[in-house]
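Trainee: I should like to request a close look at a single part of this structure. Please set out its surroundings in one connected account.

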Amino acid sequence: MPEPVVEATLGALGTPSAAEQAVSPDIERVLGCPPRTFAEWVARTIAAFK
C-alpha cells in the first residue's frame, strides 16, 4: 500500500475508545497474547502489500 493510503487509514481509525481499551484484558486472556494496534499490524505485514 502506498504510504499516503496507510497514513490516511491510520488517521481515520484514531485512538481506541474507552470501550475498546476496556476489552484488552479479555483479548489477552482469550488469544494468549496482548492486543496489538492496527499500526503494529501494518508495520509487521506491510512488505506483503508492496
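In which helix does valine 42 lie, and is this residue buried or exposed?

Mentor: Two points of reading come before the answer. This is a predicted model, in which local features need pLDDT of at least 70 and side-chain atom pairs count only at pLDDT 80 or more, while totals for chains, interfaces and linings use all residues. Residues are numbered from 1 along each chain as its sequence is written, and side-chain values use heavy atoms, with hydrogens and water left out.

Valine 42 lies in helix α4, which spans residues 38-45. Helices here are DSSP runs of H or I with at least four residues, strands are runs of E with at least two, and both are numbered from the N terminus. Valine 42 has a relative accessible area of 11% and is therefore buried. The classes are buried under 20% relative accessible area, exposed over 50% and partly exposed in between, with a 1.4 Å probe and protein chains only. Valine 42 is also 8.1 Å from valine 6, C-alpha to C-alpha, although 36 residues separate the two in sequence.

The same helix holds phenylalanine 38 and tryptophan 41, three residues apart, about one turn of the helix. An α-helix has 3.6 residues a turn, so residues three or four places apart point the same way. Phenylalanine 38 is partly exposed, because its relative accessibility is 33%. Tryptophan 41, at 35%, is partly exposed as well.

The structure holds two aromatic pairs. Between phenylalanine 38 and tryptophan 41 the ring centres are 5.6 Å apart and the planes lie at 25°, so this pair is stacked. Rings of Phe, Tyr and Trp (its six-membered ring) pair if their centres lie within 6.5 Å; planes under 30 degrees apart count as stacked, over 60 as edge-to-face and the rest as tilted. Ring pairs join Phe38, Trp41 and Phe49 into a cluster.

Valine 42 also borders an enclosed space. Across the whole structure, a search finds one cavity of 30 Å³ or more. The largest cavity has a volume of about 40 Å³, and its lining is formed by Met1, Phe38, Trp41, Val42, Thr45, Ile46 and Phe49. On a 1 Å grid over the protein atoms alone, a cavity is a set of points where a 1.4 Å probe fits but cannot get out, and a pocket is an open set with protein on both sides within 12 Å along at least five of seven lines; lining residues have an atom within 4 Å of a point. Grid points are joined across faces, edges and corners, and a volume is the space filled by probe spheres set on the points.

Open space comes next. The largest pocket holds about 370 Å³ of space. Its lining has 15 residues, of which Pro16, Glu20, Arg36, Thr37 and Phe38 lie nearest its centre. Phe38 therefore appears in the lining of the cavity as well as in that of the pocket. At least two residues of the pocket lining come from each of α1, α2 (18-22), α3 (24-31) and α4.

On the outer face, Met1, Val5, Leu13, Phe38, Trp41 and Phe49 make a nonpolar surface patch of about 550 Å². The elements giving two or more residues to this patch are α1 (3-13) and α4. Patches are made of residues with over 30% relative accessible area and no salt bridge, with like charges joined within 9 Å and nonpolar side chains (Val, Leu, Ile, Met, Phe, Trp, Tyr) within 5 Å; the areas come from the Shrake-Rupley method with a 1.4 Å probe, and for residues only the protein chains shown count as cover. Methionine 1, in the segment before α1, is partly exposed because its relative accessible area is 44%.

In the segment after α4 lies alanine 48, which counts as exposed because its relative accessibility is 68%. Alanine 48 is 26 Å from isoleucine 27, C-alpha to C-alpha, with their positions 21 residues apart in sequence.

Helix α3 offers a contrasting setting: the count of buried residues among its eight residues is zero. Arginine 29 and aspartate 26 form a salt bridge there (3.6 Å, N to O), a term for a side-chain nitrogen of Lys or Arg within 4 Å of a carboxyl oxygen of Asp or Glu. Arginine 29 is exposed at 63%, whereas aspartate 26 is partly exposed at 40%.
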